[in-house]
Structure formats: structure tokens, C-alpha cells
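Work through the exercises below with the sequence and the coordinates open. Each task is followed by a solution in steps.

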Amino acid sequence: MTIFYIVVLVPLLLYLAAFIYETFLSFKRLRNPKKGRAGYVGGAWELLILLLLFCALVMLVTFTQDLIRLADTLFWTTFIAAIALGLRAVAYLYIFYGRANQYKINWMDWTFAFMHLIAAVFLVITAVNAMLFIWQNNPVANTQFFPIFIPGLALLIAVCIIPMVVLYKTKA
């Protein structure tokens, strides 16, 4: 099970760290509207979502026998996080691509920032609930794919981290 925790927690912690940083940038952007799009790193989102999807894939494949109980445990927090991420996406599209004046701050910018915060909080709660479920219920793990997950994790981190660091250094 140690391998499982490494394969799930490493990309999850990287995802959360980067998402929390983007949350910080979304609030920082509210103080300096003259930066427009430059005040926020949008390009990293596609890379971040790969980390989260990898965690979900590992979780689903590892605990196939207990998916119903796991889904019952994680449904509401995941659902609320997904709604926040969806509203964040709508606000993002409007702010950076639909609004004529990108330098104006209004309620949509605040919605964008707070949807980051809500999503981050509920994703952390989901991760904690998942780990508590595994620790308390000790579900049967399907470990046959672990030899594939480890090189996959190494490749995923290499593919995601380098562009994210470059984006955060140059855009933030």
C-alpha cells in the first residue's frame, strides 16, 4: 500500500500546491487590474488537470471492488468541487476572452477568485476523505497495475513540472 500512497499522493500534492498558487494569483490579480491577462497563469491549468486525472485513475483502478462505497464517501465533496471548477471556467472565459475591457475588475473577477478557493477547499476535503476511507475500511487493493503506474507517474511529473515551472516563472 505504500506504493499506492506514493503514486496517488505525489501528483495530488503537486496538483494542490499549484492550484493553491493559482488561487493566490487570482486574488492577487484583483489588486492590479492593469495587468489584465498577464496577472494570471492560465496555461498551467491543462497540465494541472493531468495530475488530478492520474490520481483519480489510480484510485479507481486500485479499488475496483469498493467503488460503490468509495463513491458514496467522495460524491458530495467532488460534486461541489466540480461545480466550482465549472463556474471558474465560465468566469475565466468571460474575463479573459469575452469581456471587452480586461483591465476592469467586477463581480465576475471576484467569482473567479472565490471559485478557486471553493474548489481548492473541497478538493482537499475529497483527498482527506479518500485517505480516511482507505485507512479506516482497509479495502482490497488491485495492485496488478502498480508496475505501470510508477513509470507513468515519473513520466507525468516530468511532462507536467517543467512546463509549469517555466509558465509560473515567466507569467506570474
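## Exercise 1: A salt-bridge network

R29, R99 and D109 are linked in a network of salt bridges. The model is predicted.

**Task.** Find the salt bridges in which D109 takes part, and state which parts of the chain each pair ties together.

**Solution.**

Step 1. The cut-off to apply is a side-chain nitrogen of Lys or Arg within 4 Å of a carboxyl oxygen of Asp or Glu. Under this rule the chain has 3 salt bridges.

Step 2. Take R29 as the partner. Its side chain meets that of D109 at 2.8 Å, N to O. D109 belongs to helix α4 (residues 107-137) and R29 to helix α1, so this salt bridge ties together parts 80 residues apart in sequence.

Step 3. Take R99 as the partner. The N to O distance between the side chains of D109 and R99 is 2.8 Å. R99 sits in the loop between α3 (67-98) and α4, while D109 is in helix α4, so the pair ties together parts that are 10 residues apart in sequence.

Step 4. Check the burial of each member. D109 has a relative accessible area of 0% and is buried. R29 is buried at 3%, and R99 is buried at 8%.

Step 5. One salt bridge of the chain joins R69 and D66, with 3.0 Å from N to O. Here R69 is partly exposed, at 38% relative accessibility, whereas D66 is buried, at 12%.

Step 6. As background, side chains of opposite charge can pair when their charged atoms come close.

## Exercise 2: Helix length as a test of straightness

**Task.** Compare the end-to-end spans of α4 and α3 with those expected at 1.5 Å a residue, and account for what you find.

**Solution.**

Step 1. The expected span is 1.5 Å times one less than the number of residues.

Step 2. For α4, with 31 residues, the expected span is 45 Å; the end C-alpha atoms lie 44 Å apart, which agrees.

Step 3. For α3, a straight helix of 32 residues would span 46 Å, but the end C-alpha atoms are only 40 Å apart.

Step 4. Look for a bend in α3. A kink of about 50 degrees is centred on L74. L74 is also one of the buried residues of α3, a list that includes L70, T77, A81 and A84.

Step 5. For the pattern of burial, recall that an α-helix has 3.6 residues a turn, so residues three or four places apart point the same way. Further along α3, the buried residues include L85, R88, A91, Y92, I95 and F96.

## Exercise 3: The two ends of α4

**Task.** What caps the N-terminal end of α4, and which residue follows the helix?

**Solution.**

Step 1. At the N-terminal end, N106 acts as the cap: one of its side-chain oxygens is 2.9 Å from the backbone nitrogen of M108.

Step 2. After α4 comes N138, with a positive phi near 45 degrees. N138 has this positive phi although it is not a glycine.

Step 3. N138 is placed in the loop between α4 and α5 (146-171). Its relative accessibility is 62%, and N138 therefore counts as exposed.

## Exercise 4: Helix α1 and distant parts of the chain

**Task.** Is T23 buried or exposed, and which residues does T23 touch beyond four places in sequence?

**Solution.**

Step 1. T23 lies in helix α1, which covers residues 2-31.

Step 2. The relative accessible area of T23 is 7%; T23 is therefore buried.

Step 3. Leaving out residues up to four places away in sequence, T23 touches A113, H116, L117 and A120.

Step 4. A18 is also in helix α1 and is buried at 7% relative accessibility. The C-alpha atoms of A18 and V165 are 9.7 Å apart, while the two residues are 147 residues apart in sequence.

## Exercise 5: The whole chain

**Task.** Summarise the secondary structure, the contacts and the surface of the chain.

**Solution.**

Step 1. The chain has 5 helices and 0 strands, in the order α-α-α-α-α.

Step 2. Of the contacts with a separation of 6 or more, 87% join residues 24 or more positions apart.

Step 3. Buried residues account for 41% of the 172 residues. The exposed area is about 9,400 Å², of which carbon and sulfur atoms supply 73%.

Terms used
Residues numbered from 1 in each chain as written. Predicted model: local features only at pLDDT ≥ 70, side-chain atom pairs only at ≥ 80, totals over all residues. Heavy atoms only, no water. Helix = DSSP H or I, 4+ residues; strand = E, 2+ residues; numbered from the N terminus. Buried < 20%, exposed > 50% of the residue type's maximum accessible area, 1.4 Å probe, protein only. Contact = heavy atoms within 4.5 Å. Areas by Shrake-Rupley, 256 points an atom, 1.4 Å probe, with all protein chains shown as cover. Polar contact = N/O pair within 3.5 Å; in protein donor to acceptor, adjacent residues only side chain to side chain. Bend = angle between axes of the 7 residues up to and from the residue.
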